[in-house]
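Work through the exercises below with the sequence and the 3D structure at hand. Try each task before reading its solution.

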Amino acid sequence: MNILVKNGRVVDPDTKRDGKFDILIKDDLISEVSPTIDCKADQIIDADGCFVMPGFIDMHVHLRDPGLTHKETIESGAKAAVRGGFTTICAMPNTKPVCDNAEVVEYIKSKADNADLCNILPIGAITKNQSGEELADIKEMENAGIIGISEDGKSVMNSLIYKNAMEIALESDMLVLAHCEDINLVDGGVMNDDSNAKRLHLKGISNEVEDIIIARDILLSNMTGARLHICHVSTKSGVEIIRFAKQHGLKVTAECCPHHFSLSSNDIKEDDANFKMNPPLRTLDDVNAIIEGLRDGSIDVISTDHAPHHTDEKAGGFNSAPFGITGLETALGVTVTYLLDKGLITPLEMAQITSYNAAKILKIDKGSLKEGKVADIVIFDPDKTYTVDSSKFASMGKNTPYDGKILKGEVKYTIVSGNIKYNSYEE
């Protein structure tokens, strides 16, 4: 199938293009990018007024499948992904059973193939059943097709076990993705430890819970030589530690989530667990530090930490509800509204932190609109405003703090390997 995308503003960090171009897609590849292309095509998309960027890549998604399919399935998560403009997502291992062996890896890949919506890259657990006591068979999972290893949802508190895992990862230059949380220091906390927690009579989680493990993991990475990626950075000190590590040439990259640069604990007006995530919403100082980290390159990518839960699970308030919010279908709107539209990042920088940088970190041939590359493309209208209605999410998870909020920036088309997987005009 040939698709001709015309009149869009093509923004491509790989070629440094940022201007009005046409793109011709032949089968699964980008055939031509030119100011004007006149040829026959099976479908013509008029992208006038829209940005045309490499498809978004999310390094941090919880698909809940296998075992927790009352929250999400691989198919429903993939539908949410393409609706949000994501062409590639990484599936975290805290499923039931845990993705700690080749059988579960192969199950995820098979379900992803059957869904046939976006690229889904499995991430394997570091320890068996994520118990923190015994290493999983990392090599077996690597042979089955994992893209990296992580204990996401928790940290490996035993530093020796973690060091051994990093040494195995180093052998094939596999990425280690780190959820940084000193579980003992959490001590039952449910939101950021500040005046808002006191106002709501809720136990707080200090910044040090995160910062201590960020520092430890970076030191272990330096000790072993393994590539380390710090997940969902939320604190000012965390950004500073990562910045320092990068300045000293350490092999560390980092991500932040849209909610951590757009919301603070001040936005939690009542005991509403749709605002409960881990790490929690921090202070405005932390929010500003995250934004600055994105702008100066200390933070490399935006990831969603998409964490769907059943509505009943989130109904009980902060003390009883699980941590986590959905993110795949609001990430674009939050990024455009709180960063791009405010002039805090340029369109080229947006394409870098939503796609290009992630592709480089994951070492996959994505994140580019260069001729000859696979046609993974998102087309979105940056000026379209809408009110978030979680009841209309493709995700089974409706747990979001953005419900009812007005955002700017709407996906029109998501193209994966040259095939249109989402078309807003057909909704």
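**Exercise 1. Cysteines**

How many disulfides does a search of the whole structure find?

Solution. The model is a predicted one.
Step 1: the search of the whole structure gives 0 disulfides.
Step 2: check C256, whose nearest cysteine sulfur belongs to C257 and is 6.9 Å away. A disulfide needs the two sulfur atoms within 2.5 Å, and C256 is in none. C257 is likewise in no disulfide, the sulfur of C256 being 6.9 Å away.
Step 3: look at accessibility. C256 counts as buried because its relative accessibility is 0%. C257 also has a relative accessible area of 0%, so C257 is buried.

**Exercise 2. The sheet**

Give the strand order of the open sheet of 8 strands, and state which strands stand at its edges.

Solution.
Step 1: the order is β6-β7-β8-β9-β10-β13-β14-β15, and the pairing is parallel.
Step 2: the edge strands are β6 (56-61) and β15 (301-302). Each has a single partner strand, so one side of each is left without a neighbour in the sheet.
Step 3: take the β15 edge. Strand β14 (residues 252-256) runs parallel to β15 and is joined to it by 2 bridges. C256, the buried cysteine of Exercise 1, has I302 in β15 as its bridge partner.
Step 4: add a helix. Helix α7 (residues 208-224) lies across β10 (175-178), β13 (228-230) and β14. The angle between α7 and β13 is about 170°.

**Exercise 3. The nonpolar cores**

Which residues touch the most other members of the largest nonpolar core?

Solution.
Step 1: this core has 95 residues, and I120, I230 and F261 touch the most other members.
Step 2: helix α12 (residues 331-340) gives the core its largest share, 7 residues.
Step 3: list the contacts of I120. Leaving out residues up to four places away in sequence, I120 touches L63, I74, A78, I89, A91, I108 and A112.
Step 4: another core, of 18 residues, lies apart from the largest one. Its members include I23, A47, L369 and I379.
As background, nonpolar side chains in soluble globular proteins tend to be buried together.

**Exercise 4. Backbone exceptions**

Find the loops that hold P66 and P97, and describe the peptide bond before each proline.

Solution.
Step 1: most peptide bonds are trans, and most residues other than glycine have a negative phi.
Step 2: the bond from D65 to P66 is cis, with omega near 20°. P66 sits in the loop between β6 and α1 (74-83).
Step 3: K96 and P97 are also joined by a cis peptide bond, with omega about 5°. The loop holding P97 runs between β7 (86-91) and α2 (102-115).

Now turn to phi. Is H201 buried or exposed?

Solution.
Step 1: H201 has a positive phi, near 60°, and is placed in the loop between α6 (195-199) and β12 (204-205).
Step 2: the relative accessibility of H201 is 72%, so H201 counts as exposed.
Step 3: compare S417, where phi is positive, near 50°. S417 is in the loop between β17 (406-416) and β18 (419-423). With a relative accessible area of 25%, S417 is partly exposed.

**Exercise 5. A database record**

Which residues does UniProt list for "domain: Amidohydrolase"?

Solution.
Step 1: the UniProt record, an unreviewed entry, lists residues 310-420.
Step 2: in the model, this span is 27% helix and 22% strand, and its end C-alpha atoms lie 30 Å apart.

Methods:
Residues are numbered from 1 along each chain as its sequence is written. This is a predicted model: local features need pLDDT of at least 70, side-chain atom pairs count only at pLDDT 80 or more; totals for chains, interfaces and linings use all residues. Side-chain values use heavy atoms; hydrogens and water are left out. Two strands pair if DSSP finds at least two bridges between them. Helices (H or I, at least four residues) and strands (E, at least two) are DSSP runs, numbered from the N terminus. Contact means heavy atoms within 4.5 Å. Axes are lines fitted to C-alpha atoms, for helices over the stretch in contact, and angles run from 0 to 180 degrees between N-to-C directions. UniProt positions are given in the numbering used here, feature names are shortened, and annotations may be inferred rather than shown by experiment. Buried means under 20% relative accessible area, exposed over 50%, partly exposed in between (1.4 Å probe, protein chains only). A nonpolar core is a set of buried Ala, Val, Leu, Ile, Met, Phe, Trp, Tyr and Cys residues joined through side-chain atoms within 4.5 Å.
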